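Work through the three exercises below with the model open. Each solution follows step by step.

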Amino acid sequence: MRGLAEDTEGLAIVNHDEVEENLKKIMTSTSAYYLLSYTPTNTAIDGKFRRISVKVKRSNTHVQ
């Protein structure tokens, strides 16, 4: 569970008594988010990755 959380930038809560503190962390991290989608103009199904760039103007914003 810890490995999955680390690989996905998540949070594993294992063997902790501070349940309320950890729930506050979860609520803070999921309280506001946007979902972006991407449709490539290059429609070739060639298995290659496409590079994209996401820019935000709002200060103190974390993009994952």
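**Exercise 1.** Decide whether Gly10 is buried, partly exposed or exposed, and state where Gly10 lies.

*Solution.* The model is a predicted one. Take the relative accessibility of Gly10: 46%. Buried needs under 20%, and exposed needs over 50%. Gly10 therefore counts as partly exposed. Now place Gly10: the residue sits in the loop between α1 (2-7) and α2. Finally, check the distance to Ile26. The two residues are 16 residues apart along the chain, and their C-alpha atoms are separated by 9.1 Å.

**Exercise 2.** Test the pair Glu20 and Lys24 for a salt bridge, and say how the two residues are placed in helix α2.

*Solution.* Start with the closest N and O atoms, which are 3.7 Å apart. The cut-off is within 4 Å, so the pair qualifies as a salt bridge. Next, locate both partners. Helix α2 covers residues 19-29, and Glu20 and Lys24 are four residues apart in this helix. That spacing puts about one helical turn between them. Last, look at accessibility: Glu20 is exposed, and Lys24 is exposed too.

**Exercise 3.** Find the N to O distance for the side chains of Arg50 and Asp46, classify the accessibility of Arg50 and of Asp46, then give the count of salt bridges.

*Solution.* The N to O distance is 3.2 Å, and the side chains of Arg50 and Asp46 form a salt bridge. Arg50 has a relative accessible area of 28%, so Arg50 is partly exposed. Asp46 reaches 37% relative accessibility and therefore counts as partly exposed. The count comes to two salt bridges.

Methods:
Residues are numbered from 1 along each chain as its sequence is written. This is a predicted model: local features need pLDDT of at least 70, side-chain atom pairs count only at pLDDT 80 or more; totals for chains, interfaces and linings use all residues. Side-chain values use heavy atoms; hydrogens and water are left out. Buried means under 20% relative accessible area, exposed over 50%, partly exposed in between (1.4 Å probe, protein chains only).
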